Amino acid sequence: MGMWASLDAMWEMPAEKRIFGAVLLFSWTVYLWETFLAQRQRRIYKTTTRVPLELGQIMDSETFEKSRLYQLDKSTFSFWSGLYSEIEGTLILLFGGIPYLWRLSGQFCGYAGFGPEYEITQSLVFLLLATLFSALTGLPWSLYNTFVIEEKHGFNQQTLGFFMKDAIKKFVVTQCILLPVSSLLLYIIKIGGDYFFIYAWLFTLVVSLVLVTIYADYIAPLFDKFTPLPEGKLKQEIEVMAKSIDFPLTKVYVVEGSKRSSHSNAYFYGFFKNKRIVLFDTLLEEYSVLNKDIQEESGMEPRNDGEGDSEEIKAKVKSSYVLKKNK
């Protein structure tokens, strides 16, 4: 009876309160489920202290232990940062943080001579304040992750000055994209009538495709230096591999990721017949160093273009890449 009475009482509540409660319940349910999965993975990090048989041929015990300890520290950080984020979001909802920020945005607009009828202007001020709040509250966590965890495990390459300059640049670039796009979206919603959601969906689809297309060519270079991969054996083999799987590769770039981290990575982007591959310079450094060391040990003349690489060299390069990827 008690449970049914509680359910009846919930249904008698105003609709907005039922929706509010459902949002909180859904948010915490998702958070608790993701935390449960993360803790299961953490137990594996803690209990698996020996190299699995599947990795025995490509990873030694020392590298595996370093990787295990790194993942343990990352999982601990993720737990506390995730808990903080969930509590922060809940408190913002419970204490009316969003309505307060909207009223504050209206006050700022009023100081500038814009009345309540300027909804789009007030919305842009609201977005600016919301993203500023998010950036400031997330800054301590980002600093700890970079200068404590990444530094502890030997991955961080940033100075505090570079980090802050990069964070400010990211915030400014984000606003330069977010505010104009949001203003157009709000205008479409305002004039769209009964079918505004269709027009809004089409607009967001087009914007998403445009951003994906121009990101690597015009946005990413604002933060990192991209250079074409020089001609040589490595580039030839990448092109041959791409051709063998019908991957429409047009260009291969090297990005200067070493100024931030010693992690290695690679990715591709593009649409249709215009695909490009980006390699981190840390990945190529490992490749070049291994080639040079192995060639010197075997008495071979080092080659800059990668010609003369034996199968043994390629195997060791591949093994090193796997080890570094698992760190």
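**Exercise 1. A threonine in a helix**

Leaving aside neighbours within four places in sequence, which residues is Thr131 in contact with? Work out its setting as well.

*Solution.* Before starting, note that this is a predicted model, in which local features need pLDDT of at least 70, side-chain atom pairs count only at pLDDT 80 or more, and totals for chains, interfaces and linings use all residues. Residues are numbered from 1 along each chain as its sequence is written, and side-chain values use heavy atoms, with hydrogens and water left out.

Step 1: find the element. Thr131 sits in helix H5; helices (H or I, at least four residues) and strands (E, at least two) are DSSP runs, numbered from the N terminus.

Step 2: list the contacts, meaning heavy atoms within 4.5 Å. Thr131 is in contact with Phe171, Gln175 and Leu178, once its neighbours within four places in sequence are set aside.

Step 3: check one separation. From C-alpha to C-alpha, Thr131 and Phe171 are 8.4 Å apart, with their positions 40 residues apart in sequence.

Step 4: classify the exposure. Thr131 has 22% relative accessibility and so counts as partly exposed. The classes are buried for under 20% relative accessible area, exposed for over 50%, and partly exposed in between (1.4 Å probe, protein chains only).

**Exercise 2. A tryptophan in the same style**

Describe where Trp141 sits and what it touches.

*Solution.* Step 1: Trp141 is placed in helix H5, residues 119–152.

Step 2: with a relative accessible area of 27%, Trp141 is partly exposed.

Step 3: not counting residues up to four places away in sequence, Trp141 touches Phe77, Trp80, Ser81 and Tyr84.

Step 4: the C-alpha atoms of Trp141 and Ser78 are separated by 9.8 Å, although the two residues are 63 apart along the chain.

**Exercise 3. A helix pair**

At what angle do helices H2 and H3 pack, and which kinds of residue make up their contact?

*Solution.* Step 1: two packed helices are described by the angle between their axes and the distance between the axes. Axes are lines fitted to C-alpha atoms, for helices over the stretch in contact, and angles run from 0 to 180 degrees between N-to-C directions.

Step 2: H2 (residues 15–47) and H3 (residues 61–94) pack at about 170°, and their axes are 10 Å apart. That angle makes H2 roughly antiparallel to H3, the term for angles over 145 degrees, while under 35 is roughly parallel, 65 to 115 roughly perpendicular and the rest oblique.

Step 3: the residues of the H2 contact with H3 divide into twelve nonpolar, eight polar and four charged. Here Ala, Val, Leu, Ile, Met, Phe, Trp, Tyr, Cys and Pro count as nonpolar, Asp, Glu, Lys and Arg as charged, and the others, Gly among them, as polar.

**Exercise 4. Building the sheet**

What is the strand order of the open sheet? Rebuild the sheet pair by pair.

*Solution.* Step 1: two strands pair if DSSP finds at least two bridges between them.

Step 2: E1 (residues 226–228) and E2 (residues 249–255) run antiparallel, joined by three bridges. Pro228 stands opposite Tyr253 in E2.

Step 3: E2 and E4 (residues 274–280) run parallel, with six bridges. Tyr253 stands opposite Val278, Lys251 has Arg276 as its bridge partner, and Val254 has Leu279.

Step 4: E3 and E4 pair in the antiparallel sense over six bridges. Tyr267 stands opposite Val278 and Tyr269 opposite Arg276. These two strands form a hairpin with two residues between them, and Phe272 in the turn has a positive phi of about 50°.

Step 5: put the pairs together. The open sheet of four strands has the order E1-E2-E4-E3, with mixed pairing. E1 and E3 (266–271) stand at the edges with a single partner strand each, so one side of each has no neighbour in the sheet. From one strand to the next, the twist averages 30°.

**Exercise 5. Covering the sheet**

Which helix packs on the sheet touching E3 and E4, and how many residues of E4 are buried?

*Solution.* Step 1: helix H7 (residues 196–219) touches E3 and E4, and its direction makes about 130° with that of E3.

Step 2: helix H8 (residues 233–244) lies across E2 and E4, running at about 140° to E2.

Step 3: E4 is mostly covered, with five of its seven residues buried.
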